[in-house]
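Here is a short report to read alongside the structure. Please have the sequence and the 3D view at hand as you go.

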Amino acid sequence: MKDTFYDLVVIGTGFASTFFLHKYLSKAPAKARVLVLEKGHFFPHMERVKERRGEKTPYAKLNPDAQETYANLTPEKRWMFTQGFGGSSNCWYGCTPRFMPSDFKMKSLYGVANDWPLQYEDLDPYYSQVEELMHISGPEATPFPKKSRYPLPPHVFTTVDKILHKEYGNLYINQPTARASVAVNGRNACCASAVCHVCPVNAKFTVENSNMGVYDDPRVETVYGAQVYSLDLEQNKARKANYTKDGKEYHVSADIFALGTNAIFNANILLNSGDTNPFTGKGLGEQVALEASVYLDNLENVGGSTWVNANGYMLYDGDHRKDSAACLMESNNAPYIRLERGKWRHMINFRMIFEDLPEARNFVSTTSDRLKPAVTHKGPSEYSMKGIEYMKAKLPGVLACLPVEKIEYSPLIESEAHILGTTRMSANPTEGVIDKHLIHHQYRNLFVLGSGSFTTFTPANPTLTLSALSLHAADKSF
């Protein structure tokens, strides 16, 4: 750290921080001073590939295992993320559908939970900007309104995907994805190996391969190994960030602060800082999911060019959302075989993903170790569980265009690897922690970025939306 005072201090280097900084730097003066505090260290992609192969790499011990960084008080529910430069861009699978317009107005449309304080139309131009920066592959027709074309062509359907698309049109589409369909921007085309958490061919967008130039900007200073544990909050402003590095204590002041760690650690920092908003740390959650294995009569499911090949919206919107959760279908194209002679590929696997609602019984709390928060998650909402029952009743009819022999369902999947909702967005402080620009309702120079801001937990993957929210926040606030 070269100075003790900066124009902006950003905590974390994942999606939320990177897209926020991208927009901020496009508007900031040439003499702006930005400090980025990153808890972990840089672990290059090729070194992570080596580690995955079982080869030795000097980078392997730099970043802690994520499961060792928090106290899990309900260990049957794990939370999946990655420590280090780029955050969870290094382990995500690259699925980037937009939210549906209905997702932002659950209360108005269905009488469920709360409306978001901003709407789909507010985010539409920022969705397009993120899609350009990530070079998203996607189709021309989508179930959500879209004014721009996807930068890259869509991935190729499987034989089963083609039948479902013919039956349902833009309710069954090639999944929009940050797994490149053709080589672009130094990335290769997706190899469809389904080893997406460490892409072997570097096809998936990450902060490292983004070429966005954020952390190379001369106005930006990055400090690695800086574990932020609290902010000094005084007179309705954030004054300092407090962190440890190499066993020493440091304190840095700024005009503006942006928390860009994940929803667990953003909440921990705020709670350690004395934030008394009753929603801080509350409503931790993610989507609920299970696998549906569909056995087919004399129909081979072959082809496709990526891991999640398609998204189905047939069970997403509708009056059922007044009582039961929306469901997004993911066509799973990972390598698999049906263990019956002559029927090796006569099946398709779908991941059935359901929205959830923030519940007070699921929360982040502090511990005696200021760097290690505790997490309690006592299960999904009744609303989600009703969505599962609704799906099981309706799916045979949805798949009637296929020669279905039987459908088998897995138990609930342990984790969707998404961490949502501990600093929810709201129109006022009586319903949440931050406003529509991701600014804390009380501390008006403090941005709280990321998917912790989500008011409700739509079935769609969160990364595209949280990145668009960061662009929106930086664009509208400076």
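What follows looks at a strand and its partners, and then at the cavities.

## Strand 11 and its surroundings

This is a predicted model. A good place to begin is strand 11, which spans residues 327-332. With a cut-off of under 20% relative accessible area for burial, 6 of the 6 residues in strand 11 are buried, so the strand is largely enclosed by the rest of the structure.

In a regular strand, side chains alternate between the two faces of the sheet. Here Cys327, Met329 and Ser331 point one way, while Leu328, Glu330 and Asn332 point the other way. All of these residues are buried, Glu330 and Asn332 included.

## Its two partners

Which strands are joined to strand 11? One is strand 10 (residues 308-312), which runs antiparallel to strand 11 and is joined to it by 4 bridges. Within this pairing, alanine 310 has serine 331 as its bridge partner.

The other is strand 12 (residues 347-354), also antiparallel to strand 11, with 6 bridges between them. There, leucine 328 stands opposite isoleucine 353.

## Cavities

Rolling a probe the size of a water molecule over the atoms shows where empty space is left. The structure holds 3 cavities of 30 Å³ or more, and the largest contains about 70 Å³ of space.

What kinds of residue line the largest cavity? By class, its lining has 9 nonpolar, 1 polar and 2 charged residues. Among the lining residues are Cys190, Cys191, Cys196 and Cys199, along with Arg179, Ser193, Pro200 and Lys204.

Terms used. Residues numbered from 1 in each chain as written. Predicted model: local features only at pLDDT ≥ 70, side-chain atom pairs only at ≥ 80, totals over all residues. Heavy atoms only, no water. 1 Å grid on protein atoms, 1.4 Å probe; cavity = no way out; pocket = protein on both sides within 12 Å on 5 of 7 lines; lining within 4 Å. Points joined across faces, edges and corners; volume = space filled by probe spheres on them. Nonpolar A, V, L, I, M, F, W, Y, C, P; charged D, E, K, R; others polar. Buried < 20%, exposed > 50% of the residue type's maximum accessible area, 1.4 Å probe, protein only. Helix = DSSP H or I, 4+ residues; strand = E, 2+ residues; numbered from the N terminus. Pairing = 2+ DSSP bridges.
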